[in-house]
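Subject: The structure you wanted to look at

Hi,

Here is the structure, ready to open next to your own notes. Have a look at it first, then read on.

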Amino acid sequence: MNDVGRRTNALSAKREPDFESLIAQDGISTLKFRLVEKKLLALPSTPALPSVFHHIVDLGEPKPGAV
């Protein structure tokens, strides 16, 4: 694992106790999107797995003033 992975894991571990409240605030539950394509995910070195998908979505245009 590289340094970026270690920092990501450390941040996730730090946030885990508050995970439920973070989910309620993160905006994912209210995200509006349009599914453009859904296909089985296949990597060059492995066959497609029956329950792993690649989703391509359209999030639309940002609202005026959004960063």
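Below is what turned up, going from the overall fold to single side chains.

Please keep in mind that this is a predicted model.

**Overall fold**

The protein has two helices and two strands, and along the sequence they come in the order α-α-β-β. The C-alpha trace spans about 35 × 35 × 20 Å along its principal axes. How does the radius of gyration of the protein compare with that of a compact globule of 67 residues? The globule would come out near 11 Å, whereas the protein has 17 Å. Burial is the other thing to look at here: of the 67 residues, 1% count as buried.

**Helix 1**

Helix 1 covers residues 3-15. Inside this helix, R6 and D3 join their side chains in a salt bridge, with 2.9 Å from N to O. Both residues belong to helix 1 and sit three residues apart, which is about one turn of the helix. R6 has 45% relative accessibility, so this residue counts as partly exposed. D3 is partly exposed too, because its relative accessibility is 47%.

Further along helix 1 you will find S12. Is S12 buried, exposed or partly exposed? Its relative accessibility is 44%, so S12 counts as partly exposed. If you want a distance to check on screen, the C-alpha atoms of S12 and N2 are 16 Å apart, and these two residues are ten apart along the chain.

**The strands**

In total there are three salt bridges, and the one in helix 1 has been covered above. Another is between R34 and D58, whose closest N and O atoms are 3.4 Å apart. R34 is in strand 1 and D58 is in strand 2 (residues 53-58), so this pair ties together parts that are 24 residues apart in sequence. D58 counts as partly exposed because its relative accessibility is 33%.

There is also a salt bridge between the side chains of K39 and E37, at 3.8 Å from N to O. K39 has a relative accessible area of 40%, so this lysine is partly exposed. For E37 the relative accessible area is 34%, so this residue is partly exposed as well.

**Around the rings**

What lies over the face of F53? That is K38, at 4.3 Å from the ring centre. As for rings pairing with each other, the count of aromatic pairs is zero.

**A nonpolar patch**

One more thing to bring up on the surface view: which residues form the nonpolar patch? They are I28, L31, F33, L35, V57 and L59, with about 580 Å² of accessible area together. One of them, F33, is in the loop that runs between helix 2 (19-25) and strand 1 (34-40).

If you only have a minute, start with the pair R34 and D58, a salt bridge, and then turn to K38 over the face of F53. After that, colour the nonpolar patch with I28 and L59 among its residues.

Cheers

Definitions and conventions:
Residues numbered from 1 in each chain as written. Predicted model: local features only at pLDDT ≥ 70, side-chain atom pairs only at ≥ 80, totals over all residues. Heavy atoms only, no water. Patch = residues over 30% accessible without salt bridge, like charges linked within 9 Å, V, L, I, M, F, W, Y side chains within 5 Å. Areas by Shrake-Rupley, 256 points an atom, 1.4 Å probe, with all protein chains shown as cover. Salt bridge = Lys/Arg side-chain N within 4 Å of Asp/Glu carboxyl O. Helix = DSSP H or I, 4+ residues; strand = E, 2+ residues; numbered from the N terminus. Phe/Tyr/Trp six-rings, centres within 6.5 Å; stacked < 30°, edge-to-face > 60°. Lys NZ or Arg CZ within 6 Å of the ring centre and 35° of its normal. Buried < 20%, exposed > 50% of the residue type's maximum accessible area, 1.4 Å probe, protein only. Rg over C-alpha atoms; globule rule 2.2 N^0.38 Å.
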